[in-house]
Structures are given as structure tokens and as C-alpha cells.
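Please open the model in your viewer and keep the sequence panel beside it. The tour below goes from one selection to the next, and each stop says what to pick and what is found there.

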Amino acid sequence: MSRTPGATDPPARDTVAAGTRAAPVRPRVPDAEWNDWRWHMRKRVTTVAKARQWIALSPDEEKAIAGAAGTYRWSITPYYASLMDPVDPNCPIRLQGVPALGELAEFPGAEVDPVGDMYYRKTNRVVHKYPDRVIMLVTEACPVYCRHCTRKFHTTDVTGTYFRDDEGESFDEDFRYIADHPEIRDVLLTGGDPLSYRDGKLEEIVAGLRAIPSVEIIRIGSRFPVLLPQRVTDGLCEMLSRYHPVWLNTHFNHPKEITAEAAAAVDRLLRHGIPVGNQTVLLRGINDDVTTMRTLMTELLRIRVRPYYLYHCDNVTGVSHFMTSVEKGWEIMEGLQGHITGFGVPQYVLTTKIGKIPLAQPYFTRTPDGLLLRNYRGQEMAVDTAAYPITEPDAR
Ligand SMILES: *Cc1c(COP(=O)(O)O)cnc(C)c1O
Ligand code: SF4
């Protein structure tokens, strides 16, 4: 983690020439700046010239950047850019951060809102799809515009967004809806990334929810621990901890994202009593193999992050090129279940207009004689009806 102190910025490094075997990217910026999330937000990569300070752009990447201009936003924090392989366009970090030609291609069946956020939307920000919980789309801003974002229309499409997004725009209507529906016990702040707001604004939102007696838990969905872990300051964690119970789910997709900085951000959250879970998206060419996924899950456990969901990649306009088959997802789940501890195994789900659908392959079948069980190695064992009756037995 050594950085050359006192050097000026930019450029963070010399322009990388195509085809050169560059030294590992190490930004030459003072620690005070590197550790300041606002510096990263100001210095985000948004142009070809800035991108070249980090990576040798391939011709296809350049074409895609030009093609996406005016259609999709893109932006990469220097922190996340520092994880990119400077020469390999198939680097899993690059594929998540740099536009690709696939985004501009047409795929059959693609929709901007396949999960029906707009249909279930009750106020400017509240989406009420399940009986006891809602999501609140609090912002469209993100530190990095992930190329695979499931809400790409909302976050990344320049014509997009479902709602009036302005810090000054009142939350009263949203809070009132939640207060008027006391069956809502669980509110998930998402977007966009809620931690894009400054602490003071975020505190107003969290305090507003905490003032509603029927709200039991507050959850935050944030990719900052992955895209800009410096954002997760002690001050932020301390503020959030005053509104407990607060939970946070983040979004690691590849073992390369598990860095010392990310681990430190998770540690700060945990020390303030905020449990950290993870939602991974199954992405073609990024993490669609058993080895990568097993490494990701076990590395998450090492930094005390609990895998929660593995999302099948939806057929979202501009994202379809990342889709895998459901069979690929099963293969990966079979490679996790039983091979690593149960709490390292996420639930594989498909997000649809009728809710999240668990895509589990059964490990047992009911037979006339009892149950046929199957273990993680494919071994089978029959157990009989006397031991596993269909109805609760009466004592003789
Ligand atoms: C995913 C989601 C939730 C939260 O679901 P959990 O399974 O509780 O994590 C709530 N509302 C909507 C609309 C969602 O898409
Ligand atoms: S941080 Fe989350 S909401 Fe924002 S672009 Fe990435 S995946 Fe989408």
C-alpha cells in the first residue's frame, strides 16, 4: 500500500501505451488525498484521456466509450481504476467499469425495467412490492456507474430516472406513505447509492425513518465498500449506529475487489454494529465459473461479510451481454453448496415482476418408499418412510 508521498496530481501515472507490460498500477498521490473520498469523487475518470492514465484502452473500448456518449453515463473512481489491469481488456474490474460494445447492441426480450420498479412505485421514491418491506430509491447517483447495473435506466441512462431526484426534494410524501402503512417494518435505502449523499443529508433520511414507530429495521444497499471504501468513515458509521438496528448489504462481484481498503471499510461497519451482507450478480466473463465464485465467497468470509444473494443477471436493456444461462447458475451453486460452509453459500435468485424467485435445485425427492437424498458430490442415499413420514406419526 506504499504510495509515493508528496507527488502532485494529476496525472496519477504516465499514460499507458497499448501492449506494454505495465508495472502494477500504484497511484502517485499523497495519502491525505487517496484516503479522502471527496477527492476520489472529484477526480473520477469520465474521459478517454483520464482513462488512459490508468489503462491502455483497447480499440473496442474506445469505440464503446464514443458510442455510449449521450446514451449512458460512465464514471470510475481513481480507487476502482487502480484495481484495473492496465493491459488486459478482459480484466473483471474493467468489464464492470469501462463501457463495452455489448451495451449498445440489441438483444431480444431486453427491457429497461424487467423487475417492475415503476409498476410497484407508490410515491416518488417508495417501491412497495412485498407485504412487510419496501425499497426507497433515494438517489440516482453512484461513484462508479457499473456497466451491469440492474437499474441502468435509472442510474446510467442519460434519458433515465424514475423520479424527481434533487437533494432539496422533500421526503415527506415518502415518509408519510411508510407511516400510513404500519405493516412496513423494514425499509431498504437504495438507488443509486445512498452513501452518495453527504452524512448530514443521509442522517436526515435515516432519522426520518427512525421516527416512524412501525419501522423496525433500516437497511442500506451500497456499493461504496467496493467502489470507494474510503467513503465508509468512522464518522459515517458512528452516525448510522445511532439509529440501530441498521444493516448494510454491499455488492462484491470478484475476488480482485477484496482489498485491504475494502476490508478496513467492512471492519469499521462491523465495529459499529452494522452487519454486512453481500449481493453478487452472476456476470458472463466476470465471475461465471466455480473457481472464481468459490474464491469470492470464501474471501468474503475472511473479511466477515456474509454472502446473501447471487442474482441471476436480468435481461436489462444495455446489460444483456452479461447474461448467463440459468444452467450456468445451477452449475455454480452445485460447486458451492457442501463444498464450502453453508453460511458462505448465497441464495441464487431471479428477480422478476412477481418478486425474487429462489432458483434452487432440489437435494431430495419424495419416492413411494421415502426420500431419495443427494449430497454435494452427487452421491445418493434412500431413506425410508418410517424415518421420514409424510405426516406426523401417532405414538403406538
Ligand atoms: C429486493 C427487494 C426487496 C428486499 O428483498 P429481501 O429479499 O428482503 O432482501 C424489497 N423490495 C423490493 C421491491 C425489492 O426488489
Ligand atoms: S453502485 Fe449499484 S446502483 Fe450504482 S451503478 Fe453500480 S450496481 Fe447500479
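Begin with strand β8, residues 347-352, and add β9 to the selection: the two strands run antiparallel and are joined by four bridges. One pair to label here is Thr 351 and Lys 356, since Lys 356, in β9, is the bridge partner of Thr 351. Bear in mind throughout that this is a predicted model.

Now widen the selection to the whole sheet to which these strands belong. Nine strands make up this open sheet, in the order β1-β2-β3-β4-β5-β6-β7-β8-β9, and their pairing is mixed. At its edges stand β1 and β9 (355-358), each of which has a single partner strand, so one side of each is left without a neighbour in the sheet. If direction is ignored, neighbouring strands of this sheet are turned by 30 degrees against each other on average.

Next, hide the nine strands for a moment and select the second sheet. Three strands form this open sheet in the order β10-β11-β12, with antiparallel pairing. The edge strands, β10 (364-367) and β12 (380-384), each pair on one side only, and the twist from one strand to the next averages 20 degrees. Between β11 (residues 370-374) and β12, which run antiparallel, there are five bridges; to find one position along this pair, label Gly 370, which stands opposite Asp 384 in β12.

Return to the first sheet and show the ligands. Which residues should be selected around ligand 2? Around ligand 2 are Cys 142, Val 144, Tyr 145, Cys 146, Cys 149, Thr 155, Gly 192, Arg 223, Leu 227 and His 251. Coloured by class, this shell shows six nonpolar, three polar and one charged residues.

The space that ligand 2 takes is the largest pocket, and a surface drawn over this pocket would enclose about 1000 Å³ of space. The largest pocket is lined by 48 residues, of which Thr 150, Arg 151, Thr 190, Gln 279 and Tyr 311 are the closest to its centre. Several strands of the first sheet can be selected together here, because β1 (126-130), β2 (133-137), β3 (186-190), β4 (217-221), β5 (246-250), β6 (276-281) and β7 (306-311) each supply at least two residues of the lining, where strands are DSSP runs numbered from the N terminus. Divided by class, the lining of the largest pocket comprises 22 nonpolar, 15 polar and eleven charged residues.

For the next stop, look for enclosed space. How many cavities of 30 Å³ or more are there? The count comes to one cavity, and about 30 Å³ of space lies in the largest cavity. To see its walls, select Tyr 72, Val 112, Lys 152, Phe 153, Asp 157, Val 316 and Thr 317, which line the largest cavity; by class, these lining residues divide into four nonpolar, one polar and two charged.

The last stops concern the backbone. Most residues other than glycine have a negative phi, and most peptide bonds are trans. Select Gly 191 and Gly 192 first: the peptide bond between them is cis, with omega near 15 degrees. Gly 192 lies in the loop between β3 and α9 (199-210), and Gly 192 is also one of the residues around ligand 2.

Then move to His 244 and Pro 245, where the peptide bond is again cis, with omega near -5 degrees; Pro 245 has its place in the loop between α11 (234-241) and β5. Finish at Thr 161, which is not a glycine and yet has a positive phi of about 85 degrees, and which is placed in the loop between α7 (152-155) and α8 (172-180).

Terms used:
Residues numbered from 1 in each chain as written. Chains lettered and ligands numbered in written order. Predicted model: local features only at pLDDT ≥ 70, side-chain atom pairs only at ≥ 80, totals over all residues. Heavy atoms only, no water. Near = heavy atom within 4 Å. 1 Å grid on protein atoms, 1.4 Å probe; cavity = no way out; pocket = protein on both sides within 12 Å on 5 of 7 lines; lining within 4 Å. Sits in = over half its atoms within 2 Å of the grid points. Nonpolar A, V, L, I, M, F, W, Y, C, P; charged D, E, K, R; others polar. Points joined across faces, edges and corners; volume = space filled by probe spheres on them. Pairing = 2+ DSSP bridges. Axes fitted to C-alpha atoms, helices over the stretch in contact; angles between N-to-C directions.
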